[in-house]
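Here's a quick tour of a protein model, going from one side chain out to the overall fold. Have a look at the structure first, then read on.

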Amino acid sequence: MSQYKSELLRLLDERGYVHQTTDASGLDALAAKEIVPGYIGFDATAPSLHVGSLVQIMMLRRMQQAGHKPIVLMGGGTSKIGDPSFKDEARKLLGVDTINANIASIRRAFEHFLTFGDGPTDAVLMDNAEWLDRLEYIPFLREIGQHFSVNRMLTFDSVKLRLDREQSLSFLEFNYMILQGYDFLELSRRAACRLQLGGSDQWGNIVNGVELARRVDGTQVYGVTTPLITTADGGKMGKTEKGAVWLNADQLGSYDYWQFWRNTQDADVGRFMRLFTDLPLDEIARLERLEGAEINEAKKLLADAATTLLHGPDAARDAAETARRTFEEGAAGEALPTLTVPEGSIGLADAMVALGLTASKKEARRLIAQGGARVDGEAVTDEHAVVTVAGQVRVSAGKKKHGLLTS
């Protein structure tokens, strides 16, 4: 039974989102009596977010489900610097046109999880370039800079790790945490925002914002962080052999997204259902107790539910049917990654890389030599094999990765 009175904190707690809070009882009391606007910031460093950001997006969804107002803050300003938190080196600096194009592209993913509009609990999207681009340096230093202790900033893990490794940290990057703290102050003024959510790596930045709002405006605001989401074997959530699991369909198709969730480790099924789907908690409790072959049915339900949220029910059904036909009937479903081969033939290793079945040609050749590659269900062990394509040919890497070659 949750210790919280408000539906917001009960929901976040019961589904496993809460790691740290700046003032749990104060936030609980506030959320129990009024609508709380809360935000998460997302820098626009690529045209799509990946599944590593999904727990944050789901937290905004939970806010809306609990009757509160989610604010999606796009980092049009902070993306010009790049968050140094736990990075080994500075990010490549992006141009304004690239950042704006990335923001427009990223927004599409949020529209699947949140209801945007003008209502009291409708989500809104804001861009910190609106205020950061207009700052004047000396007035900013006088008003905001005086509230930040360099001694303390140097103790934050995000900075300390870089310095301990003797890796360069530019003054540009060092300013990032000041600007993020200032974002919270601006949002509290512009949108009555009282809550910042984020991953555990953002704790120091969130605390800065909470303290800044109190010192400058006397406003009480709050912070909540999520635990670091890792897999049961200790691996990083969303890290696969094929690279990042992108949320935008033009960067990763619904079938590959469905397969990512279907391949969840047994021990992670219940936790991922709570975090990444809307399945009821009692149903999840039943499903995570399944063992043996039955747990695979739970994984399919996880994949269906997660894919439905992002890509819609039709795409989820198509992906599930393609998987069923591919794995249970040995047929070639329509939603598999597909490569057209107009020349009529292609090297098997080249085909595996082009289809995204392996990350490199070297990896493909090794897999072929080890007997892990199949063409239309037949094992191929010649690293230099050439596939003749007449109509449709199915290429497999191991038991779970498949693609189609078409002429």
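Is Arg62 buried or exposed? In this predicted model, Arg62 is buried, with a relative accessible area of 1%; the cut-off for buried is under 20%.

Arg62 has a charged partner, too: its side chain meets that of Asp278 in a salt bridge, 2.6 Å from N to O. Arg62 sits in helix H3 (residues 54–65) while Asp278 is in the loop between helix H13 (269–276) and helix H14 (281–287), so this pair ties together parts that are 216 residues apart in sequence. Unlike buried Arg62, Asp278 is partly exposed, at 35% relative accessible area. Arg61 joins in as well, since Arg61, Arg62 and Asp278 are linked in a network of salt bridges.

Searching the whole structure turns up 19 salt bridges. Here are some of them.

| Salt bridge | N to O distance |
|---|---|
| Arg62 – Asp278 | 2.6 Å |
| Arg107 – Glu111 | 2.8 Å |
| Lys300 – Glu297 | 3.4 Å |

Two of these pairs stay within a helix. Arg107 and Glu111 are both in helix H4 (residues 96–113), four residues apart, or about one turn of the helix. Glu111 is partly exposed at 43% relative accessibility, and Arg107 is also partly exposed, at 30%. Lys300 and Glu297 share helix H15 (residues 294–311), where they are three residues apart, again about one turn. Glu297 comes out as partly exposed, with 44% relative accessibility.

Now for a helix on the inside. Nine of the nine residues of helix H12 (residues 254–262) are buried, so H12 is largely enclosed by the rest of the structure. Among those buried residues are Tyr255, Tyr257, Trp258, Phe260 and Trp261, along with Asp256 and Arg262.

Zooming out, the protein has 18 helices and 15 strands. Its radius of gyration is 24 Å, which agrees with the value near 22 Å for a compact globule of 407 residues. The C-alpha atoms fill a box of roughly 70 × 45 × 40 Å along the principal axes. Of the 407 residues, 50% count as buried. Taking contacts between residues at least 6 apart in sequence, 72% join residues at least 24 apart.

As for the outside, the accessible surface comes to about 18,800 Å², with 49% of it belonging to carbon and sulfur atoms. On the charge side, there are 46 positive and 55 negative side chains, and the centres of the two sets lie 2 Å apart.

Notes:
Residues numbered from 1 in each chain as written. Predicted model: local features only at pLDDT ≥ 70, side-chain atom pairs only at ≥ 80, totals over all residues. Heavy atoms only, no water. Helix = DSSP H or I, 4+ residues; strand = E, 2+ residues; numbered from the N terminus. Rg over C-alpha atoms; globule rule 2.2 N^0.38 Å. Buried < 20%, exposed > 50% of the residue type's maximum accessible area, 1.4 Å probe, protein only. Contact = heavy atoms within 4.5 Å. Areas by Shrake-Rupley, 256 points an atom, 1.4 Å probe, with all protein chains shown as cover. Lys, Arg positive; Asp, Glu negative; His and termini not counted. Charge placed at Lys NZ, Arg CZ, Asp CG, Glu CD. Salt bridge = Lys/Arg side-chain N within 4 Å of Asp/Glu carboxyl O.
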